Structure formats: C-alpha cells, structure tokens
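Here is a structure to look at with fresh eyes. Let's go through some of the labels people would put on it and ask where they come from.

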Amino acid sequence: MFNEVKSLNEECGVFGVWGHPDAARVTYFGLHSLQHRGQEGAGIVTNDAGKLNGHRDLGLLAEVFSDERVLQRLTGDAAIGHVRYATAGNGSVDNIQPFLFKFFDQQIGLAHNGNLTNAKSLRKSLEKAGAIFHSNSDTEILMHLIRRSEKPLFMDRVKEALNQVKGGFAYLLLTENAMIAALDPNGFRPLSIGKMVNGAYVVASETCALEVIGAEFIRDVRPGEVVIIDDAGIQIEQYTQEVQPAICSMEFIYFARPDSNIAGVNVHRARKNMGRRLAQEAPIEADMVIGVPNSSLSAASGYAEASGIPYELGLVKNQYIARTFIQPTQELREQGVRMKLSAVRGVVEGKRVILVDDSIVRGTTSRRIVQLLKEAGAKEVHVRIGSPPLRYPCFYGIDIQTRKELIAAKYTEAEICEKIEADSLAFLSEDGLIEAIGLDFDAPYSGLCMAYFNGDYPTPLYDYEENYLASLAE
C-alpha cells in the first residue's frame, strides 16, 4: 500500500557538515530544505572531539527536534543527518537514521538514501555468519560488511563493503576523525559537495540544502566515488571503475526541489522544457493551462508559453496540511485529495482546461483532480503528463516495486483517459523527456535511468529478479 496521495514516495534525504562549531544546527537547516524527500522520521548524529552522539525519532524534522534542548545537547563541529521515507524496512523508530554504532574500538554514524537490490541475500549470509541486526532496514548491512572485512585500513574496509552492496545508494558515514560520502556506480541519487565561508565542508542530497546554509557548490559526488572529509581537507577516491551513469529521471520529473541542480541541470528549467515539449507533442485547443501544485507548476508554465494559451491558477494547495497520508479505504484516499487541493471555481468555471501533471501512478489522484475541476464548473479537462507512462517498478529507492500498482502497466492511454474521466490524455515521449532534461551525454556523469518507462534496468536486479519476471507474466 502506498502511503501518500501522490503514490510516488521519495526515498530519503541526507546532509552532513564537517568543521562548523554549530554542526547540529547547520544540519537541522540543511535537512529542513530536504524535508520533501522524507516525512516519516528524522535524526542527527554529531561528533564532539571524537565522541559521537545522536537523536532520532518518528515524525517531521520540526517535531523530532521541537525541544530546543535536544539540539543543544548535540554538540560538536561535525554532524550527519537524515530525513526518511521508508523504501525498505517498516516505520519503527529502530529504522530511523542516522544509525549510531558504538563498537569497542570505534564509533560510526551511518545514513543512507536509496535501496539495495541484493540486501536480502547479503543479510541472509551475514546472519548465517553470526551477525545480529537491530533494524530491518537495508542500511545496516553496510556496517556489518565493513566490520567483517579483514583489511587492515578502515577506508579499505569501506571500499570493500561498497563493492559488495548493489543497487542505489548515497551513503554518509561519520567517524571519530572523518566524514565519508559514497555514491553507487550508477549515481541514481544526487549527492553534492559544498563549502561554507568558514571553510566547513557540507554534503547534501540536493543543492537546495547548500543554498539555505550559504554554502558554495563545489562539485557533485560522481558514480563510484568515495569522498573523505577531515581536518586536513577533502580527498576524493574511486572505489570502483565499473561505472555506468544513470541518474534517476524521476528526480528531474518529481522528486527534487525546483531550485536544485542535478548534474549541472536546473530542475525547474528541465521541468519547464518538459512542458514546452509536451505542448509540441500533444497540442489541444483550450482556454487555459493549469498545473497541479507543486511539482507540476514548472511544466505547466512551459506548456503555456509554448502553446500561447494563458497560464492560470486553477488549483490551490493547502499549505498548512502535512503531506496528506492515505488511509486504507478508497473513500478516505479521495477525501485526502480534497483536503490537499481545491479547484478555483472563479477561474475554471465554463472553461476548457489543460491540466498538466508530472506523472500518473495508479490514477486515483488524477481522477479525483479531474472531478474537482468539473465539479467547479470546468467545461472540459484535458490532461497532459510531463513524463512517459510509468509501466515498470523501481528497485533503486522509490516505493514502486510491483507492476500491479501502475495503471499504465495494465491499460492503454485511451483506457486510462476513460478511467480518470478526462476529455483527453497525452504523455510526454521518452525522447521528449531526455531532450527536455538536456544532460550532456558526452560528459562523464550524464546518463539517465528510464527503467520506469521502458523496463531497461541499468543493473542486474539480484533479489528482485524472480518477482519482477513473475510480475511481467501476470
């Protein structure tokens, strides 16, 4: 069961800082700008002269750290933090990150964004060898692999462990004397490095988190890289040469904040280009273009500009409601959409409306929004989607792991149009999406993962292979 009205759930957000006297508070501000990536839980681990301390709990960041004394206790000049949406593991406090491990010879904090495709088999072999897990999150696996390595140097143990885990991962580790960041060989998830005025280094899931704390962007962490930040500065090493860049296309379409840049591409500009291309591929006569707040507004403005049809505010989002969580019944799910969005009758009544959205997952939300607009008097509602149809599951950190959840895996475009009760429906083409994002495909960090649309996965699926093949046969 998906947990959110949109039915696409972001993975997680990670943030770390090294060399700032108020590291916990800097991390809090950084995580606040990454809250859109996870609302289930949050945590911070700090390093105070080699002693690691942490606090984590269920809820939004502001709820977890509502008591000022909690942040005051997290002293030190280095910290890592995490906001969580559960892609693997259930919603218990045991799974909230960063994890803090206190061994007899060292202390380590660990935060992870993504999903491992070989977690089940790795965990099984580790448990057979005597490992004891304290959570059912796949994040803990990396620490067991590091501790079981027989290599003499800690960084060699980290690199060996990174070569054993497969899938999508952006890791942040905090030790007594360093902060370590690592990205999977495909670079599915964004991870950026910045530097503050006082010389402190920061690492964050999105560049918008660098902006909010006044850090200057230095570079992205690239696929297969491990970054070591300590008092001597920053050191970047490659833990594997087998890299195949495949940035998650949904980061550009839906997940990332519009003010973030991924691999040098501004997310707002990419979305606006998607809307422009959509207007070229799927024109229709209408009186106005409206977008679904908030992630579709950029694409809607692009569609309006390219088509010459006025852009209007036809839907208003209730900004004072937390992310609307879906209840177990269809009736309550639809009520959740009504609580979250309102149609502006004075704008849409008697008008032919082009409704631009970023994606359709299972159709529930799309149908309800079309109904809202028609109940408000819209004469026609033409739905335009700024991405290709989602037909295949994701195994790298997005909460779609069966085809049964995806309406486009079961129905044609015409059938989906009928089910959501729209007057017409069109999706952006795959080529249109690739060109709209506009990555430099000759650059070393340039590829896109389009597996959700075409089933072309850039890695073996390992533990998921059998279930995936079974879902194709259904």
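Q: Which residues of H5 and H6 meet in this predicted model?
A: From H5, Leu142, Leu145 and Ile146 come up against Phe154, Arg157, Val158, Ala161 and Leu162 of H6.

Q: Why are H5 and H6 called oblique to each other?
A: Look at the angle: H5 (residues 140-148) and H6 (residues 154-162) pack at about 130°, with axes 8 Å apart. Roughly perpendicular stops at 115 degrees and roughly antiparallel needs over 145, and the rest count as oblique. So oblique is the word for this pair. As for handedness, the crossing of H5 past H6 is right-handed.

Q: What makes Thr175 count as buried?
A: Buried means under 20% relative accessible area, and Thr175 has 3%, so the label fits. Thr175 sits in the loop between strand S7 (167-174) and strand S8 (179-183). Beyond its close sequence neighbours (up to four places away), Thr175 touches Trp18, Asn47, Leu52, Gln107, Ile108, Phe154 and Ile180. Phe154 is also one of the H6 residues that meet H5.

Q: Where is Cys12, and is Cys12 buried or exposed?
A: Cys12 lies in strand S1 (residues 12-18). Its relative accessible area is 4%, and the cut-off for buried is under 20%, so Cys12 is buried. Leaving out residues within four places in sequence, its contacts are Arg37, His82, Val83, Arg84, Tyr85, His112, Asn113 and Ser205. An unreviewed UniProt entry puts the feature "active site" at Cys12.

Q: Why is Cys12 in no disulfide?
A: A disulfide needs two cysteine sulfurs within 2.5 Å. The closest cysteine sulfur to that of Cys12 belongs to Cys394 and is 12 Å away, so that is too far for a bond. Cys208 is in no disulfide either, since its nearest cysteine sulfur, in Cys12, is 15 Å away. By this rule the count is zero disulfides.

Q: How do you know that Cys208 is buried?
A: Its relative accessible area is 1%, and buried means under 20%, so Cys208 is buried.

Q: What do the buried residues of H10 pack against?
A: In H10 (residues 297-307), the buried ones are Ser298, Ala299, Ala300, Ser301, Gly302, Tyr303 and Ala304. The buried residues of H10 pack against helix H9 (267-281) and strands S17 (288-291), S20 (352-357) and S21 (380-385). Just after H10 comes Gly308, with a positive phi of about 80°.

Methods: Residues are numbered from 1 along each chain as its sequence is written. This is a predicted model: local features need pLDDT of at least 70, side-chain atom pairs count only at pLDDT 80 or more; totals for chains, interfaces and linings use all residues. Side-chain values use heavy atoms; hydrogens and water are left out. UniProt positions are given in the numbering used here, feature names are shortened, and annotations may be inferred rather than shown by experiment. Helices (H or I, at least four residues) and strands (E, at least two) are DSSP runs, numbered from the N terminus. Buried means under 20% relative accessible area, exposed over 50%, partly exposed in between (1.4 Å probe, protein chains only). Contact means heavy atoms within 4.5 Å. Axes are lines fitted to C-alpha atoms, for helices over the stretch in contact, and angles run from 0 to 180 degrees between N-to-C directions. Angles under 35 degrees count as roughly parallel, over 145 as roughly antiparallel, 65 to 115 as roughly perpendicular and the rest as oblique. A crossing is left-handed if the near helix is turned anticlockwise from the far one by less than a right angle, and right-handed if clockwise.
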